[in-house]
Amino acid sequence: MELWLPSLPLSLSFLLLLLLVLRRYLRSKSSRNTGPEFPGPWHLPLIGSLHHLVGALPHHALRDLARRHGPVMRLRVGQVDQIVLTSRDGAQQILKVQDANFAFRPELTAAKIIAYGCRDVAFSNGEYWRQLRKLCVMELLGAKRVKSFASLRAEQVSLLMRDVGYAATAGKEINLGARLNELTNSIVVQASFGRRCPQQKKFMDTIKEVIKMSSGFSVGDLFPSLKIMDVLTGFSTKLIHYHKKLDAILEETIQEHLLSRRDDEEDLIDVLLRLKDQGDLEVPISYESIKALVIVSTLCQTNYIFININSREPDDPSLNYFVVDGCDQDLFAGGTETTANTIEWAMSELILHPQAMNRAQAEVREAMKGKGYVEESDVPQFAYIHSVVKETLRLHPPFPLLFPRVGQETTQVLGYTIPAGTRVLINVWALARDPKYWHDGESFKPERFQEGDDKEFKGNDFEFLPFGAGRRMCAGMSFGLSTLELALSQLLFHFDWALPKGMAPGDLDMAESFGSSASRKINLHLVPSPRFPLRSKSFVCIVANYKGIPRTSRAHDFFFMAGLLGFGCELKLAKTKLQR
Ligand code: HEM
């Protein structure tokens, strides 16, 4: 038998590699702070522990690793150490007890380029961030401002109902996921730019390109010593190109706003310009800050968070028939949307749990029986629907690992020493399913919140953190929830829902898209059937836009009257007559 011996150069290379690994190990051991060593998976010289994440969703892989290594573990990703916490006490330490120390974000290449050197609220730090956050709470995303956008929400949700109405009367399925993305995109862009901005579409198209770029990742973020690779791979160059495009659009938009200021119906750019002019801010805001805020608040509502590898299925072009005139069907095809995702997950869970669906529909239909339509002011009385939203966010938090935090000072957490500057991730997805904190945590059971489990997602129950907690908790929670609950209530009130023909509940793919987001991998397609006719202004829109009937024609007037009278079911008949 022949004995195989490696060649001399190969053996030497192997020996050299071994020595390098050993030297690195000994060095890190000697420089380590006091306290026990972090548990964690073993790592390879160049890629660190990346190979442990291959082939699974990051939050799933990290939960499985935590089961083996414990609730506090260290993971080396490339050249960067990350501490991953999967315990309620750990989350409480970072987000409450030591919140001030951990209220910092790492500097990420994309945020630096796109947001004018991290001049937005989500990625800035220190005094500048504190000032912007105050503006967000008081002026931009506070209760009063959110309320001021109620008519915008009502209008956009009505347009959604109109499109679902098309599908219902035609007996066709609708790509609900895609249409919900349009809904939330329209709301956020119009809230920021106002309704009069001609640049909206161009802006969103460019944002879409930025999101597509997040399907790659910055080498420099994971290998700080190889930052040059971001230039060589074209990552930075492309981002700079998109940044310039966004900058030009926003510059023009700001000039337009400066020329025609309106105090009666302020959009977010109007508000920011007013605050800039008042000049009494501790840290003055510049035009660049305004632009960064608008860009990142749009991105924040998408799951565009660093190294987010999205592989969501593109929208189905065959369903263009049901799309609002002038709207781009595949807007944000590469990205996903927090609010829209949550509605989509809620509808997915409800279709799989008919009892919960019936109960939610009964609640809203019973309450709105005499009225015939749902307004934003009605929503707080739908306690069960609120529980459906909570249960959906528990099982499908859009940011399963929150956004990363960085400690400013070296500190102790649960007996371990976390050196200053180390990135910390909290697996809120795993916490929200952990049998230690939840009975039957993997199952969808909205009633758990009505039967004694009074956990809330407002940042005080550390096993339930879909919006995070502490100083850097989501700044747009009320903004997101108001759209979410209104749209869901109307979808449940006006329509009954079924899976497309031939599809059994077991066939519905509930897979999440790959990346740091937990959106649906494949858009949800459902078949609606009308239950309560649409009697709000939306119906007027339905008939006005239906199949291109001109708003000034007699046919339009006919439909208009039919709509006003609430003859939703007559629509199909009327349409047939007209086509003849
Ligand atoms: C269902 C909807 C939403 C969910 C579940 C959600 C969740 C989150 C989470 C988990 C964070 C990170 C918190 C942390 O690090 O502790 C965050 C941050 C943020 N979110 Fe949301 N979000 C939603 C909607 C929105 C909307 C609609 C807006 C804006 C209109 C928004 C604006 C922001 C901003 C500005 C931050 C950064 C806050 C900071 O760093 O100070 N979010 N969000």
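How many Å should the 13 residues of helix 18 (residues 383-395) span at 1.5 Å a residue, and how far apart are its end C-alpha atoms? The expected figure is 18 Å and the end C-alpha atoms sit 19 Å apart, so the two agree. The model here is a predicted one. Overall, the protein carries 23 helices and 9 strands, and 45% of its 580 residues count as buried. Long-range contacts dominate the picture: of the contacts between residues at least 6 apart in sequence, 75% join residues at least 24 apart.

Back to helix 18, which is mostly covered, with 10 of its 13 residues buried. The buried set mixes residue types, including Ile385, Val388, Val389 and Leu393 but also His386, Glu391 and Arg394. As for what does the covering, the buried residues of helix 18 pack against helix 16 (338-352), helix 17 and helix 20.

Take the helix 16 neighbour to start with. Helix 16 and helix 18 have axes 9 Å apart and pack at about 100 degrees. Angles from 65 to 115 degrees count as roughly perpendicular, which means helix 16 is roughly perpendicular to helix 18. On the helix 16 side, the contact uses Thr342, Trp345, Ala346, Glu349 and Leu350, while helix 18 brings Val388, Val389, Thr392 and Leu393. Sorted by class, the contact of helix 16 with helix 18 comes out as 6 nonpolar, 2 polar and 1 charged residues.

Another crossing involves two further neighbours of helix 18. The axes of helix 17 (residues 354-367) and helix 20 (residues 477-494) come within 8 Å and cross at roughly 90 degrees, so helix 17 is roughly perpendicular to helix 20. Here Ala360, Gln361, Val364 and Arg365 from helix 17 meet Ser489, Leu492 and Phe493 from helix 20. The split for the contact of helix 17 with helix 20 is 4 nonpolar, 2 polar and 1 charged.

Helix 20 deserves a closer look. Its 18 residues reach 26 Å from first C-alpha to last, close to the 26 Å expected at 1.5 Å a residue. Since 16 of those 18 residues are buried, helix 20 is largely enclosed by the rest of the structure. As for the largest nonpolar core, it holds 126 residues, among which Ala115, Leu465, Ala487 and Leu488 touch the most other members. Helix 20 gives the most to this core, with 9 residues. Leaving aside residues up to four places away in sequence, Ala115 touches Asp120, Phe123, Ala292, Ile295 and Val296.

The loops have a few things worth pointing out too. Arg472 lies in the loop between helix 19 (428-431) and helix 20, and it counts as buried because it has 21 C-beta neighbours inside 10 Å. The C-alpha atom of Arg472 is separated by 6.1 Å from that of Ala103, though the two residues are 369 apart along the chain.

Most residues other than glycine have a negative phi. Two loop residues go the other way. Cys118, in the loop between helix 5 (109-114) and helix 6 (126-140), has a positive phi near 60 degrees. Asp440, in the loop between helix 19 and helix 20, has a positive phi near 50 degrees. Are these residues buried or exposed? Cys118 counts as buried because it has 22 C-beta neighbours inside 10 Å, whereas Asp440, with 10 such neighbours, counts as exposed.

How values were computed. Residues are numbered from 1 along each chain as its sequence is written. This is a predicted model: local features need pLDDT of at least 70, side-chain atom pairs count only at pLDDT 80 or more; totals for chains, interfaces and linings use all residues. Axes are lines fitted to C-alpha atoms, for helices over the stretch in contact, and angles run from 0 to 180 degrees between N-to-C directions. Helices (H or I, at least four residues) and strands (E, at least two) are DSSP runs, numbered from the N terminus. Angles under 35 degrees count as roughly parallel, over 145 as roughly antiparallel, 65 to 115 as roughly perpendicular and the rest as oblique. Two residues are in contact if their C-beta atoms, placed from the backbone, lie within 7 Å. Ala, Val, Leu, Ile, Met, Phe, Trp, Tyr, Cys and Pro count as nonpolar, Asp, Glu, Lys and Arg as charged, and the others, Gly among them, as polar. The expected span of a helix is 1.5 Å times one less than its number of residues. A residue is buried if 20 or more other C-beta atoms lie within 10 Å of its own, exposed if 12 or fewer, and partly exposed in between; C-beta atoms are placed from the backbone. A nonpolar core is a set of buried Ala, Val, Leu, Ile, Met, Phe, Trp, Tyr and Cys residues joined through C-beta atoms within 7 Å.
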